[in-house]
Amino acid sequence: MIEARHLRVLRAVAASGSFSAAARELGCTQPAVSQQMKALEGSVGTPLLVRTGREMRLTEAGEALVRHAGGILAGLTAAEEEVAAIAGLRAGRVRLVSFPSGSSTLVPTALAALRAAHPGTRVSLEEAEPPRSVELLRAGDCDVALAFRYEGAAGAEEWDDLAVRPLLTDRLVGLVPERHRLAGADSMAIADLAGEPWIAGCPRCRGQLVEACASAGFTPRIDFATDDYPAVVGLVGAGLGVAVLPQLAVESVRPRGARTVALEPAVRREIVALTLPDLAQVPTVAATLDELERAGAR
(Lines give C-alpha, C1' and ligand atoms only; values in the text may rest on other atoms or scores of the structure.)
Protein backbone atom coordinates (compact mmCIF):
# COMPACT_ATOMS: atom_id res chain seq x y z
CA MET A 1 0.00 0.00 0.00
CA ILE A 2 1.34 3.42 -0.96
CA GLU A 3 1.30 5.89 1.93
CA ALA A 4 0.78 9.60 1.43
CA ARG A 5 3.83 10.53 3.54
CA HIS A 6 6.05 8.42 1.26
CA LEU A 7 4.67 10.19 -1.81
CA ARG A 8 5.49 13.56 -0.26
CA VAL A 9 9.07 12.43 0.33
CA LEU A 10 9.36 11.14 -3.25
CA ARG A 11 8.18 14.45 -4.65
CA ALA A 12 10.67 16.34 -2.47
CA VAL A 13 13.54 14.10 -3.57
CA ALA A 14 12.54 14.43 -7.23
CA ALA A 15 12.30 18.23 -6.96
CA SER A 16 15.52 18.74 -5.00
CA GLY A 17 17.66 16.00 -6.56
CA SER A 18 19.07 14.55 -3.32
CA PHE A 19 18.12 13.00 0.01
CA SER A 20 19.91 15.72 1.99
CA ALA A 21 18.11 18.56 0.18
CA ALA A 22 14.76 16.77 0.53
CA ALA A 23 15.46 16.30 4.26
CA ARG A 24 16.07 20.04 4.68
CA GLU A 25 12.86 20.85 2.79
CA LEU A 26 10.80 18.40 4.84
CA GLY A 27 12.41 19.28 8.15
CA CYS A 28 13.69 15.79 8.91
CA THR A 29 16.98 13.84 8.77
CA GLN A 30 18.63 12.36 5.68
CA PRO A 31 18.41 8.80 7.11
CA ALA A 32 14.67 9.28 7.64
CA VAL A 33 14.27 10.25 3.97
CA SER A 34 16.32 7.24 2.88
CA GLN A 35 14.29 4.93 5.09
CA GLN A 36 10.97 6.20 3.73
CA MET A 37 12.15 5.86 0.15
CA LYS A 38 13.16 2.24 0.79
CA ALA A 39 9.73 1.61 2.29
CA LEU A 40 8.03 3.13 -0.77
CA GLU A 41 10.13 1.03 -3.16
CA GLY A 42 9.24 -2.04 -1.11
CA SER A 43 5.53 -1.16 -1.41
CA VAL A 44 5.57 -0.79 -5.19
CA GLY A 45 8.07 -3.64 -5.74
CA THR A 46 10.46 -1.79 -8.05
CA PRO A 47 13.27 0.81 -7.79
CA LEU A 48 12.15 4.42 -8.07
CA LEU A 49 15.52 6.19 -7.87
CA VAL A 50 18.97 5.56 -9.34
CA ARG A 51 22.11 7.21 -7.88
CA THR A 52 24.59 8.36 -10.53
CA GLY A 53 27.63 9.86 -8.89
CA ARG A 54 26.47 12.70 -6.68
CA GLU A 55 23.15 13.03 -8.47
CA MET A 56 19.97 11.07 -8.20
CA ARG A 57 17.52 10.46 -11.02
CA LEU A 58 14.10 8.85 -11.25
CA THR A 59 13.53 5.52 -12.90
CA GLU A 60 10.65 5.18 -15.35
CA ALA A 61 8.49 3.87 -12.50
CA GLY A 62 9.60 6.78 -10.31
CA GLU A 63 8.65 9.30 -12.99
CA ALA A 64 5.22 7.69 -13.35
CA LEU A 65 4.64 7.78 -9.60
CA VAL A 66 5.74 11.41 -9.28
CA ARG A 67 3.42 12.30 -12.16
CA HIS A 68 0.48 10.81 -10.28
CA ALA A 69 1.59 11.94 -6.82
CA GLY A 70 0.41 15.53 -7.29
CA GLY A 71 -3.14 14.49 -8.09
CA ILE A 72 -3.22 11.87 -5.36
CA LEU A 73 -1.98 14.27 -2.67
CA ALA A 74 -4.34 17.03 -3.88
CA GLY A 75 -7.23 14.59 -3.70
CA LEU A 76 -6.26 13.55 -0.17
CA THR A 77 -6.02 17.19 0.90
CA ALA A 78 -9.46 17.91 -0.55
CA ALA A 79 -10.88 14.84 1.20
CA GLU A 80 -9.30 15.86 4.51
CA GLU A 81 -10.74 19.38 4.20
CA GLU A 82 -14.19 18.04 3.35
CA VAL A 83 -14.19 15.62 6.28
CA ALA A 84 -12.97 18.40 8.57
CA ALA A 85 -15.82 20.60 7.32
CA ILE A 86 -18.35 17.87 8.02
CA ALA A 87 -16.88 17.21 11.46
CA GLY A 88 -17.03 20.94 12.15
CA LEU A 89 -20.65 21.13 10.90
CA ARG A 90 -19.65 23.45 8.05
CA ALA A 91 -20.97 20.87 5.60
CA GLY A 92 -22.73 17.52 5.50
CA ARG A 93 -26.17 16.10 4.89
CA VAL A 94 -28.89 14.35 6.86
CA ARG A 95 -31.67 12.24 5.36
CA LEU A 96 -34.74 12.56 7.58
CA VAL A 97 -37.93 10.49 7.47
CA SER A 98 -40.97 11.59 9.48
CA PHE A 99 -44.63 10.75 9.89
CA PRO A 100 -46.95 13.53 8.60
CA SER A 101 -47.93 15.21 11.88
CA GLY A 102 -44.27 15.31 12.89
CA SER A 103 -43.37 16.79 9.50
CA SER A 104 -45.75 19.70 10.01
CA THR A 105 -44.97 20.45 13.67
CA LEU A 106 -41.60 19.26 15.02
CA VAL A 107 -39.58 19.12 11.81
CA PRO A 108 -39.97 22.75 10.59
CA THR A 109 -38.92 24.17 13.97
CA ALA A 110 -35.95 21.81 14.24
CA LEU A 111 -34.71 22.36 10.70
CA ALA A 112 -35.02 26.14 10.92
CA ALA A 113 -32.85 26.10 14.05
CA LEU A 114 -30.39 23.68 12.43
CA ARG A 115 -30.01 25.86 9.34
CA ALA A 116 -29.48 28.98 11.46
CA ALA A 117 -26.75 27.28 13.52
CA HIS A 118 -25.14 25.26 10.71
CA PRO A 119 -26.05 26.76 7.31
CA GLY A 120 -23.79 24.32 5.45
CA THR A 121 -25.78 21.28 6.56
CA ARG A 122 -28.29 19.97 4.00
CA VAL A 123 -31.36 18.01 5.10
CA SER A 124 -33.71 16.02 2.89
CA LEU A 125 -37.19 15.04 4.11
CA GLU A 126 -39.35 12.06 3.19
CA GLU A 127 -42.64 11.04 4.80
CA ALA A 128 -43.40 7.55 6.08
CA GLU A 129 -45.34 6.15 9.00
CA PRO A 130 -43.75 3.63 11.35
CA PRO A 131 -42.90 0.80 10.96
CA ARG A 132 -41.99 1.77 7.36
CA SER A 133 -39.84 4.67 8.56
CA VAL A 134 -37.90 2.33 10.86
CA GLU A 135 -37.41 -0.12 7.99
CA LEU A 136 -35.92 2.70 5.87
CA LEU A 137 -33.50 3.52 8.68
CA ARG A 138 -32.32 -0.07 9.11
CA ALA A 139 -31.95 -0.42 5.32
CA GLY A 140 -29.63 2.59 5.21
CA ASP A 141 -32.08 4.73 3.23
CA CYS A 142 -32.22 7.48 5.85
CA ASP A 143 -30.14 8.77 8.77
CA VAL A 144 -32.87 9.82 11.23
CA ALA A 145 -36.43 8.50 11.51
CA LEU A 146 -39.22 10.09 13.53
CA ALA A 147 -41.49 7.40 14.94
CA PHE A 148 -44.03 6.79 17.66
CA ARG A 149 -45.45 3.99 19.78
CA TYR A 150 -48.42 3.88 22.12
CA GLU A 151 -48.08 3.32 25.84
CA GLY A 152 -48.67 -0.28 26.78
CA ALA A 153 -48.53 -1.49 23.19
CA ALA A 154 -46.79 -4.77 22.42
CA GLY A 155 -43.37 -4.78 20.78
CA ALA A 156 -41.58 -2.35 23.10
CA GLU A 157 -38.33 -4.11 22.22
CA GLU A 158 -38.63 -3.28 18.49
CA TRP A 159 -36.12 -0.40 18.81
CA ASP A 160 -33.57 -2.15 21.04
CA ASP A 161 -30.91 -2.13 18.30
CA LEU A 162 -31.32 1.61 17.61
CA ALA A 163 -30.28 4.84 19.29
CA VAL A 164 -33.52 6.33 20.67
CA ARG A 165 -33.91 10.04 21.41
CA PRO A 166 -37.24 10.74 23.24
CA LEU A 167 -38.87 13.96 22.00
CA LEU A 168 -42.24 14.27 23.72
CA THR A 169 -45.30 12.43 24.98
CA ASP A 170 -48.35 13.10 22.83
CA ARG A 171 -51.89 12.70 24.23
CA LEU A 172 -54.81 11.55 22.13
CA VAL A 173 -57.88 13.78 22.06
CA GLY A 174 -61.45 13.21 20.98
CA LEU A 175 -62.63 15.10 17.91
CA VAL A 176 -66.34 15.74 17.47
CA PRO A 177 -68.49 18.02 15.25
CA GLU A 178 -69.04 21.45 16.80
CA ARG A 179 -72.78 20.73 17.25
CA HIS A 180 -72.13 17.36 18.90
CA ARG A 181 -73.60 16.77 22.37
CA LEU A 182 -70.06 16.51 23.82
CA ALA A 183 -68.55 19.46 21.92
CA GLY A 184 -68.48 21.65 25.05
CA ALA A 185 -67.39 18.98 27.52
CA ASP A 186 -64.17 19.37 29.50
CA SER A 187 -63.39 15.69 29.04
CA MET A 188 -64.96 12.43 28.00
CA ALA A 189 -64.31 8.71 28.05
CA ILE A 190 -63.86 6.90 24.76
CA ALA A 191 -66.89 4.77 25.74
CA ASP A 192 -69.04 7.94 25.50
CA LEU A 193 -68.64 7.65 21.72
CA ALA A 194 -69.55 3.95 21.51
CA GLY A 195 -72.61 4.43 19.31
CA GLU A 196 -71.08 6.97 16.93
CA PRO A 197 -69.81 6.51 13.36
CA TRP A 198 -66.01 6.76 13.35
CA ILE A 199 -63.35 8.20 11.07
CA ALA A 200 -60.07 6.33 11.55
CA GLY A 201 -56.52 7.44 10.78
CA CYS A 202 -53.33 5.64 9.76
CA PRO A 203 -53.12 1.83 10.11
CA ARG A 204 -51.14 1.98 13.36
CA CYS A 205 -53.50 4.60 14.85
CA ARG A 206 -56.46 2.58 13.57
CA GLY A 207 -55.19 -0.48 15.42
CA GLN A 208 -54.76 1.56 18.60
CA LEU A 209 -58.32 2.91 18.25
CA VAL A 210 -59.80 -0.58 17.95
CA GLU A 211 -57.80 -1.74 21.00
CA ALA A 212 -58.86 1.27 23.07
CA CYS A 213 -62.51 0.78 22.14
CA ALA A 214 -62.30 -2.94 22.93
CA SER A 215 -60.92 -2.08 26.38
CA ALA A 216 -63.95 0.21 26.83
CA GLY A 217 -66.30 -2.63 25.87
CA PHE A 218 -67.33 -1.85 22.30
CA THR A 219 -66.27 -2.18 18.68
CA PRO A 220 -66.17 1.10 16.73
CA ARG A 221 -68.20 1.39 13.55
CA ILE A 222 -65.59 2.81 11.18
CA ASP A 223 -67.34 4.51 8.28
CA PHE A 224 -64.24 6.19 6.84
CA ALA A 225 -60.51 5.50 7.08
CA THR A 226 -57.76 7.76 5.77
CA ASP A 227 -54.07 8.36 6.43
CA ASP A 228 -54.59 12.09 5.85
CA TYR A 229 -55.19 13.97 9.12
CA PRO A 230 -56.71 17.06 7.45
CA ALA A 231 -59.19 14.70 5.77
CA VAL A 232 -60.10 13.20 9.16
CA VAL A 233 -60.68 16.69 10.58
CA GLY A 234 -62.69 17.70 7.52
CA LEU A 235 -64.95 14.62 7.74
CA VAL A 236 -65.59 15.24 11.43
CA GLY A 237 -66.23 18.93 10.77
CA ALA A 238 -68.81 17.97 8.16
CA GLY A 239 -70.68 15.96 10.79
CA LEU A 240 -69.88 12.57 9.27
CA GLY A 241 -68.50 11.01 12.42
CA VAL A 242 -66.14 11.30 15.37
CA ALA A 243 -62.46 10.53 15.72
CA VAL A 244 -59.61 10.19 18.18
CA LEU A 245 -56.39 11.87 17.04
CA PRO A 246 -52.99 12.65 18.55
CA GLN A 247 -52.77 16.20 19.85
CA LEU A 248 -49.78 16.75 17.58
CA ALA A 249 -51.92 15.94 14.55
CA VAL A 250 -54.65 18.38 15.62
CA GLU A 251 -52.05 21.13 16.09
CA SER A 252 -51.00 20.74 12.47
CA VAL A 253 -54.53 21.30 11.13
CA ARG A 254 -57.09 24.05 11.69
CA PRO A 255 -60.12 22.02 12.84
CA ARG A 256 -62.94 23.94 11.15
CA GLY A 257 -66.36 22.79 12.27
CA ALA A 258 -64.86 20.39 14.84
CA ARG A 259 -64.04 20.54 18.54
CA THR A 260 -61.41 18.70 20.55
CA VAL A 261 -62.25 17.14 23.91
CA ALA A 262 -59.75 15.67 26.36
CA LEU A 263 -59.90 11.90 26.81
CA GLU A 264 -60.01 10.38 30.29
CA PRO A 265 -58.34 8.15 31.12
CA ALA A 266 -55.52 9.53 29.02
CA VAL A 267 -54.20 7.63 26.02
CA ARG A 268 -50.62 8.59 25.11
CA ARG A 269 -48.03 7.88 22.48
CA GLU A 270 -44.28 8.37 22.75
CA ILE A 271 -42.67 10.44 19.96
CA VAL A 272 -38.99 9.64 19.35
CA ALA A 273 -36.19 10.23 16.89
CA LEU A 274 -34.32 7.09 15.90
CA THR A 275 -30.94 6.54 14.31
CA LEU A 276 -28.34 3.79 14.10
CA PRO A 277 -25.85 3.76 17.00
CA ASP A 278 -22.88 4.55 14.74
CA LEU A 279 -24.74 7.38 13.02
CA ALA A 280 -25.52 8.97 16.40
CA GLN A 281 -21.82 9.90 16.61
CA VAL A 282 -21.82 11.77 13.27
CA PRO A 283 -21.85 15.52 14.05
CA THR A 284 -24.58 16.46 11.55
CA VAL A 285 -26.86 13.66 12.77
CA ALA A 286 -26.19 14.51 16.43
CA ALA A 287 -27.00 18.18 15.76
CA THR A 288 -30.27 17.19 14.04
CA LEU A 289 -31.27 15.02 16.99
CA ASP A 290 -30.50 17.88 19.38
CA GLU A 291 -32.70 20.31 17.45
CA LEU A 292 -35.55 17.78 17.22
CA GLU A 293 -35.34 17.31 20.98
CA ARG A 294 -35.48 21.08 21.53
CA ALA A 295 -38.48 21.34 19.20
CA GLY A 296 -40.26 18.61 21.18
CA ALA A 297 -39.64 20.48 24.44
CA ARG A 298 -41.30 23.68 23.19
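Is E151 buried, partly exposed or exposed, and what is its relative accessibility? In this predicted model, E151 has a relative accessibility of 49% and therefore counts as partly exposed, since the exposed class begins only over 50%. The side chain of E151 meets that of R268 in a salt bridge, with an N to O distance of 3.7 Å. Because E151 lies in the loop between β5 (144-150) and β6 (163-177), while R268 belongs to strand β12 (residues 268-275), the pair ties together parts of the chain that are 117 residues apart in sequence. R268, for its part, has a relative accessible area of 31% and is likewise classed as partly exposed.

The loop between β5 and β6 also carries E158, whose side chain forms a salt bridge with that of R204 at an N to O distance of 2.9 Å. This pair again links distant parts of the chain, R204 being placed in helix α7 (residues 203-215) and E158 in the loop between β5 and β6, with their positions 46 residues apart in sequence. R204 is partly exposed at 25% relative accessibility, and E158 is partly exposed as well, with a relative accessible area of 28%. Beyond such pairs, R165, D290 and E293 are joined into one network by salt bridges that share partners.

A further salt bridge is found between E3 and R5, where the closest N and O atoms are 2.7 Å apart. Both residues are partly exposed, the relative accessible area being 34% for E3 and 44% for R5. Over the whole structure, the count of salt bridges comes to 16.

Attention then turns to enclosed space. Rolling a probe the size of a water molecule over the atoms shows where empty space is left. The structure holds 2 cavities of 30 Å³ or more, and the largest of them contains about 70 Å³ of space. Its lining is made up of Y150, L172, I190, C205, Q208, L209, A212, V244, P246 and V267. The elements that contribute two or more residues to this lining are α7 and β10 (243-246), and the largest share, 4 residues, comes from α7. Helix α7 is thus the element that holds R204, the partner of E158, and also the leading contributor to the lining of the largest cavity. In terms of residue class, the lining of the largest cavity comprises 9 nonpolar residues and 1 polar residue, with no charged residues.

The second largest cavity has a volume of about 40 Å³ and is lined by I199, A200, G201, C205, L209, Y229, V244, L245 and P246. Two or more residues of this lining are given by each of β8 (197-200), α7 and β10, and it is β10 that provides the largest share, with 3 residues. Residues that appear in the linings of both cavities include C205 and L209, together with V244 and P246. The lining of the second largest cavity divides into 8 nonpolar residues and 1 polar residue, and charged residues are again absent.

Methods
Residues numbered from 1 in each chain as written. Predicted model: local features only at pLDDT ≥ 70, side-chain atom pairs only at ≥ 80, totals over all residues. Heavy atoms only, no water. Salt bridge = Lys/Arg side-chain N within 4 Å of Asp/Glu carboxyl O. Buried < 20%, exposed > 50% of the residue type's maximum accessible area, 1.4 Å probe, protein only. 1 Å grid on protein atoms, 1.4 Å probe; cavity = no way out; pocket = protein on both sides within 12 Å on 5 of 7 lines; lining within 4 Å. Points joined across faces, edges and corners; volume = space filled by probe spheres on them. Nonpolar A, V, L, I, M, F, W, Y, C, P; charged D, E, K, R; others polar.
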